Amino acid sequence: LAQYSTEDANFRVLADGTVLVRHHTRLHGGERTFVVRAWDATGTESSAMVTVRNKGRHSPQGETDPASPVEARWFPGARPGLKRQKRDWVIPPIKVPENERGPFPKNLVQIKSNRDREGKIFYSITGQGADMPPEGVFTIEKETGWMKVTQPLDREAIDKYHLLSHAVSENGKPVEEPMDIIVTVTDQNDNRPQFTQEVFRGSVLEGATPGTSVMQVTATDADDAIESYNGVVAYSILSQVPGEPEKQMFAINRESGAISVIASGLDRERVREYTLVLQAADLDGKGLTTTASAVIEIGDANDNAPQFSPSLYTAEVAENEADLEVVRLSVTDMDEAGSAAWRAVYKIVRGDEGGFFRVSTDSESNEGIVETAKALDFETKKQFVLQVAVTNEVPFVVKLPTSTATVTVNVRDVNEAPIFDPPVKVAEVLEDVPLGHQVTVYTARDPDRMQSQKIKYFVENDRAGWLAIHPESGIVTTRAALDRESYLVKNNTYEAVVLAVDDGSPPATGTGTLLLTLLDVNDNAPELDRQEIMVCNNEPETQLLRILDKDLPPNTSPFRARLTNSSEENWAVEMDAKGEVAMLRLLQPLKADSYSVYLQLFDNQGKGQATVLKATVCECTGIGPAEGCPVGYAAALGAPAILAILGAILALLIILLLLLLFVRRRKVVKEPLLLPEEDTRDNIFYYGEEGGGEEDQDYDLSQLHRGLDARPEVILRNDIVPTLLPAPQYHPRPTNPDEIGNFIHENLKAADTDPTAPPYDTLLVFDFEGSGSEAGSLSSIASASSDQDQDYDYLNEWGSRFRKLADMYGGGVDD
């Protein structure tokens with residue numbers, strides 16, 4: 001940015017180049033000229049001559065008097081020895097009022113250059129409003145340099161125009177550096193204030209004191225509020241509904257629009273809502289106006305105390321019942337239902353020193369629920385008198401008395417269960433005690449001191465069945481051998497549950513837990529952690545066998561191990577330093593096979609046990625395979641084993657062959673599909689021999705013919721679900737002889753899918769022409785009538801199957 005200075009103390013230059021008058025200054029001769037210097041960031045200096053003239057009187061809106069001379073703007077000239085920088089100077093802005101009536105174009109300012117003495121100068125302007133949108137707002141006379149405005153301006157659209165003026169010679173060569181021209185549009189009061197909302201909503205608590213802030217309203221004005229009052233908005237309240245208890249309960253800040261309380265007496269129970277009509281006026285309240293509404297809701301404050309109704313309650317509750325509802329307390333409250341000032345908070349203030357009761361609030365009904373927090377004891381206290389107070393979730397805004405209620409609770413006596421003392425009893429016993437040994441005495445007492453009752457004892461939960469209890473004395477004895485190593489014993493402790501039942505009405509049962517700590521005895525011999533090992537013949541590794549003992553120290557390690565039954569000839573065993581791991585070594589190569597290694601193990605107390613370890617010797621080196629001997633070991637199988645495997649395979653093949661033969665035998669032999677020559681069906685017969693014709697044939701055609709509907713009866717099975725198949729569709733005999741072939745083919749397919757039809761290899765009769773045919777018998781072919789009396793050419797119409805007959809009997813007489 002450039003820095004400016006002036007030699008005339010009556011003027012100062014702003015950072016944007018605007019020249020201002022410091023104070024009222026008299027211009028002798030009507031004008032004053034002074035020099036303004038400027039420096040840029042690089043230190044380059046330039047200067048310009050500024051001439052200030054009297055502009056004449058001003059109208060109220062700042063308009064220039066048309067009769068006064070219009071000010072001229074001179075291109076700044078360069079002083080000798082100083083180099084000017086392009087556009088270093090900003091001429092003070094030209095102010096033009098908005099919404100001028102004209103006539104247009106109207107002169108604004110005259111641009112001049114000192115070079116006009118040297119030759120003819122042409123002037124032009126560029127920038128916003130000239131050759132940039134909005135174009136044509138400003139023009140300049142080419143020869144005189146008069147800059148004009150061509151239309152009314154709107155400050156709310158564009159409040160400032162930035163242009164450049166140019167001066168060139170007749171040949172178009174610039175004679176001056178472009179000069180900045182700023183046109184500032186001055187404001188006219190042409191816009192009304194506008195509220196940001198038509199209806200503003202706010203709230204304030206009842207009983208609020210004067211000065212309490214309620215809400216904020218806002219109105220805007222598009223006019224200028226910085227250099228004029230056109231956009232300065234002032235607020236006021238025109239009316240208030242309802243006008244009680246005061247006509248003016250609220251006030252509004254005329255500058256900020258903040259609404260506050262100015263009078264006391266707000267009461268929600270009396271007036272729930274106020275409606276204010278607000279006004280916003282520009283020119284600081286003297287100009288254009290607009291209105292809006294403000295709705296103020298009076299919020300509920302806790303100015304009404306809840307009251308018990310009724311205030312005395314009596315209830316009865318059985319003893320030994322915790323979390324039991326005793327009684328419900330009812331209250332009334334004038335405050336708004338559901339609000340924090342209405343929701344009740346109950347508290348027991350007297351009579352419950354032991355903490356036996358608690359009180360809570362029902363969120364729906366606002367009732368107080370008195371419950372037992374702990375079980376009551378009739379033998380200790382038969383009656384409680386409680387005093388309950390009620391308040392609200394929020395404190396009272398004014399001092400109010402607190403309502404209380406008295407609740408009398410009577411305790412009802414019930415038969416109580418016997419109580420074991422202690423409820424969990426611990427006893428110790430050796431695990432090898434004999435049967436019937438007394439372990440402990442576990443008894444219970446009856447809390448019903450007012451009743452004389454007898455108690456009997458039972459063992460309820462004894463999963464191992466080790467214990468018994470005397471029904472009257474409570475003496476616990478063993479009825480089976482104890483075992484500390486049993487899976488039912490956890491951390492050396494066996495748990496059992498004992499019951500105590502009185503003879504009250506109804507009987508009551510108490511429970512006690514007996515924790516029996518079993519002391520260890522040396523009743524378990526040591527044993528190996530595994531029973532099979534695998535050893536390589538070549539460079540065998542030492543086998544590490546961990547020894548385990550179910551007993552506890554000192555009946556466990558250090559252990560001892562020794563070989564027996566001649567196992568020491570091929571094997572050697574020794575213990576590690578801690579005496580917990582037996583190290584077994586193969587002394588000499590053995591034939592690949594499985595061997596039994598006999599070991600005798602002893603614990604620290606000398607209790608021993610013989611064990612047999614299966615050792616598989618493999619033809620391998622080192623530690624050996626992880627899951628078995630190598631494949632070559634299978635070759636070591638003896639011949640009997642191989643023969644047995646082969647024999648089993650052969651037997652399996654023989655059984656499969658017999659099954660196949662049996663299945664083939666059960667298959668039914670199919671009948672030939674072609675009929676024998678002597679078969680006679682339908683109404684066509686073979687006449688290859690001399691005979692008497694049809695009359696000599698004594699056949700029962702009813703046995704051969706089966707119509708489409710004469711199907712055999714099918715007996716359905718009732719032991720399985722039947723398979724539902726669609727009924728076959730048999731086609732009737734066609735009227736067109738050409739369709740006989742298709743008719744037979746389609747009905748064959750239908751018969752194949754018919755579950756009620758005979759087997760597929762049974763001859764099916766699809767049609768029966770009936771007896772007594774109107775046509776003569778085929779035997780008539782050999783009758784006295786000649787072949788010429790019959791016309792067999794119609795057989796060609798029956799299809800390809802009958803063309804042979806047509807050829808044999810038709811076609812006319814041979815020559």
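## Getting to know a predicted chain

Asn461 is partly exposed, with a relative accessible area of 34%. That value comes from a predicted model, and the exercises below start from this residue.

**Exercise 1.** Is Asn461 buried, exposed or in between, and why?

*Solution.* Begin with the cut-offs: buried means under 20% relative accessible area, and exposed means over 50%. Next, take the value for Asn461, which is 34%. This lies between the two limits, so Asn461 counts as partly exposed.

**Exercise 2.** Find where Asn461 sits and which residues it touches.

*Solution.* First, look along the chain: Asn461 belongs to strand S36, which covers residues 455-461. Then leave aside residues up to four places away in sequence; Asn461 touches Glu495, Ala496 and Val497. Finally, take Val497: 36 residues separate it from Asn461 along the chain, yet their C-alpha atoms are 4.8 Å apart.

**Exercise 3.** Locate Glu739 and name the charged patch it joins.

*Solution.* Start with the loop between helix H3 (701-704) and helix H4 (740-752), where Glu739 lies. Its relative accessible area is 35%, so Glu739 is partly exposed. Now look at the surface: Glu739 gathers with Asp738, Asp793 and Glu797 in a patch of negative charge.

**Exercise 4.** Describe the chain as a whole.

*Solution.* Count the elements first: there are five helices and 48 strands. Turn to burial next: 35% of the 815 residues count as buried. Last come the contacts: among those between residues at least 6 apart in sequence, 63% join residues at least 24 apart.

Methods. Residues are numbered from 1 along each chain as its sequence is written. This is a predicted model: local features need pLDDT of at least 70, side-chain atom pairs count only at pLDDT 80 or more; totals for chains, interfaces and linings use all residues. Side-chain values use heavy atoms; hydrogens and water are left out. Patches are made of residues with over 30% relative accessible area and no salt bridge: like charges are joined within 9 Å, nonpolar side chains (Val, Leu, Ile, Met, Phe, Trp, Tyr) within 5 Å. Accessible areas come from the Shrake-Rupley method with a 1.4 Å probe; for residues, only the protein chains shown count as cover. A salt bridge is a side-chain nitrogen of Lys or Arg within 4 Å of a carboxyl oxygen of Asp or Glu. Lys and Arg count as positive and Asp and Glu as negative; His and the chain ends are not counted. The place of a charge is taken as NZ of Lys, CZ of Arg, CG of Asp or CD of Glu. Helices (H or I, at least four residues) and strands (E, at least two) are DSSP runs, numbered from the N terminus. Buried means under 20% relative accessible area, exposed over 50%, partly exposed in between (1.4 Å probe, protein chains only). Contact means heavy atoms within 4.5 Å.
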